[in-house]
Amino acid sequence: MSNKVRVRFAPSPTGGLHLGGVRTVLYNYLFAKQHGGDFILRIEDTDQNRYVPGAEEYIVNCLQWCGLEPDESPQKGGPYAPYRQSERKHMYYEYAQKLVDSGHAYYAFDTTDELEKMRTTLQSATNTNPQYDYSTRMHMRNSIALSKEEVVELLEKGTPYVIRIKMPQIKELKFTDMIRGEISFDTALVDDKVLLKADGMPTYHLAVVVDDYLMKITHAFRGEEWLPSAPVHLLLWEYLGWKEQMPRWAHLPLILKPDGHGKLSKRDGDRLGFPVFAMNWTDPRTNETVHGFRERGFLPEAFINMLAMLGWNAGTEQEIFSLDELVQQFSIERVHKGGAKFDFEKAKWFNHQYIQRMDSAELVTLVKPYITDKGITTTDEYLAQVVGLIKDRCTLLPDFWEQGHFFFHTPDSIDVAAIKEKWADNKAQFFTQWIDVLKNLSDWNHTSIEQSFNEQLQQNGLKKGDIMLPLRIMLVGGKYGPGVFTIAEMIGKDETSKRINNALNII
RNA sequence: GGCGCGUUGGUCAAUCGGCUAAGACGCCUCCCUUUCACGGAGGAAUGACGGGUUCGACUCCCGUACGUGCUACCA
């Protein structure tokens, strides 16, 4: 099976894994699995200056949390190892050299200062960004502009150089994007991109083509921001003589900021109060933390489902999809072309849906840490009951504590003001008397408790509506929670009496 | 500035020339609930603009506008 589908996610290990990155992974994964193909994780660490320790491990952990595990990766290995470009460094020079030999690339000896100078002197109102291209390359220090002797001399002296692609002046390039259809470029407007840096490392442009070729990648999905450099890659596939093996491309739409405009960035999260990364990421250099969906209390399945729907839909009314269903139904052709503004409210809605549908035992294990973190000890059975009672009103995992803490401990404070608003002596009397009655209540369940409550009400000549709310606040602390008599049943007779007493003392 | 890509309600979006333009989130109203939610029933809200093509254009074409991306020895 030489035409087996092979896709790759190729992040650079420079920081946390962004929402959009996860979506790119997801679409890669879905496509691969749908075609019985392989999903490869390749680390693009060709920029040594931007290397951040821990970033690669973090990415691997994110994929694991999301349930999108690669078939081949630096950790797992595979037939095309190594999967880190820094470890493949020695492979790239040969191809760069081949391009120089065939006249499609050249040595450039320009220093940073010289490049800077060229740009500033040529800069004008009509040309804000002068490029290193056909119009300027003859004025620079490179193996095209210089004589053969000069080049040899520079090379022999060990002058640092880069290898740049020689973009043809007049050539229209076309390719068919799986999402956008035919796209064309004029090569005269593309600059002579650096292929091999002075440190011997390839740039993304060379590395992506060489590795996609060597790793037999059949389909390449990446963010829309890569579209403008597609002509460079197209030409490289052609110049290297691999045109027939070039993967089919799909450029995914961007995920935009919910307010204003532009790509969603990690800074937007804190600003607007939602996570942007899959998991918490702390930059080891700045100690700055960017928050993740996992820590915010999202279920990975919901997170994935939400991302799948951000830019793709099945064309039906179905919105909730398991990973398997996504694998079955996903199609790259149905991916939307335009960027999508991220909507955190909708993201929360997905999580709520998943919490409601989740198996009780599974939910208990997920919720438990949030309870034990508060110093509470409980049993799975009790927790399961609580979870069953409150999950309707829980959207994110931490909500279980917010909505159900009173099942586990006496509330630290109660909404006294809400009780006092309509408080009266006869109400205090009611509660004092009712506690006494409760002492002798033999059968402690919500029905018997409510019955006794009703009877006491009659004796005191009070209306149920006048007492229900105070009772709730005494037991719960505020105006929320499931049925108040069920709560009384759950926390037990002693605790119920105790909470009523406590409340009476502070009113 | 140049080039690429995009443009259906506030947001995600269906529609592949027949539209009285789905659905979801959010919002509003009502019902249910002697709390808060869940749930149920309603409601407000959409084709950027201008030209073509066509019996017919949200759908095709061309302009314009707007948005967005790129324009590094970063990916």
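A backbone N or O atom of Lys479 lies 2.8 Å from a sugar or linking oxygen of RNA strand B. This is a polar contact in a predicted model, the term denoting a pair of N or O atoms within 3.5 Å; within protein, one must be able to donate a hydrogen and the other to accept it, and residues adjacent in sequence count only if both atoms are side-chain atoms. Two further contacts involve the RNA. A polar backbone atom of Thr126 is 2.5 Å from a sugar or linking oxygen of RNA strand B, and an N or O atom in the side chain of Arg472 is 3.0 Å from a base nitrogen of the strand.

In this predicted model, local features need pLDDT of at least 70 and side-chain atom pairs count only at pLDDT 80 or more, whereas totals for chains, interfaces and linings use all residues. Residues are numbered from 1 along each chain as its sequence is written, chains are lettered from A and ligands numbered from 1 in the order in which they are written, and side-chain values use heavy atoms, with hydrogens and water left out.

**Surface near the RNA**

There are 61 residues around RNA strand B, of which Arg180, His261, Arg393, Lys464 and Gly481 come nearest; a residue is near a strand if one of its heavy atoms lies within 4 Å of it. Among the RNA atoms within 4 Å of the protein, 69% belong to sugar or phosphate and the rest to bases. Several elements each supply at least two residues of this surface, including helix 4 (112–122), strand 4 (162–165) and helix 12 (344–357). The largest share, 4 residues, comes from helix 19, which spans 464–476. Helices (H or I, at least four residues) and strands (E, at least two) are DSSP runs, numbered from the N terminus.

Leu469 also lies in helix 19. Leu469 is partly exposed, with a relative accessible area of 34%; buried means under 20%, exposed over 50%, and partly exposed in between (1.4 Å probe, protein chains only).

**Pockets**

On a 1 Å grid over the protein atoms alone, a pocket is an open set of points where a 1.4 Å probe fits, with protein on both sides within 12 Å along at least five of seven lines; lining residues have an atom within 4 Å of a point. Grid points are joined across faces, edges and corners, and a volume is the space filled by probe spheres set on the points. The largest pocket holds about 1300 Å³ of space. Pro11, Ser12, Thr14, Glu225 and Trp226 lie nearest its centre, among 43 lining residues. Helix 1 gives the most to this lining, with 4 residues.

The second largest pocket holds about 320 Å³. Its lining comprises 17 residues, of which Val162, Arg164, Lys193, Val194 and Thr203 are the closest to its centre. Helix 4 and strand 4 each supply at least two residues of this lining.

The table gives the composition of each region. Ala, Val, Leu, Ile, Met, Phe, Trp, Tyr, Cys and Pro count as nonpolar, Asp, Glu, Lys and Arg as charged, and the others, Gly among them, as polar.

| Region | Nonpolar | Polar | Charged |
|---|---|---|---|
| Surface near RNA strand B | 20 residues | 17 residues | 24 residues |
| Lining of the largest pocket | 17 residues | 13 residues | 13 residues |
| Lining of the second largest pocket | 7 residues | 4 residues | 6 residues |

**Backbone features**

The peptide bond from Ala81 to Pro82 is cis, with omega near -5°. Lys216 has a positive phi near 55° and is partly exposed at 47% relative accessibility.
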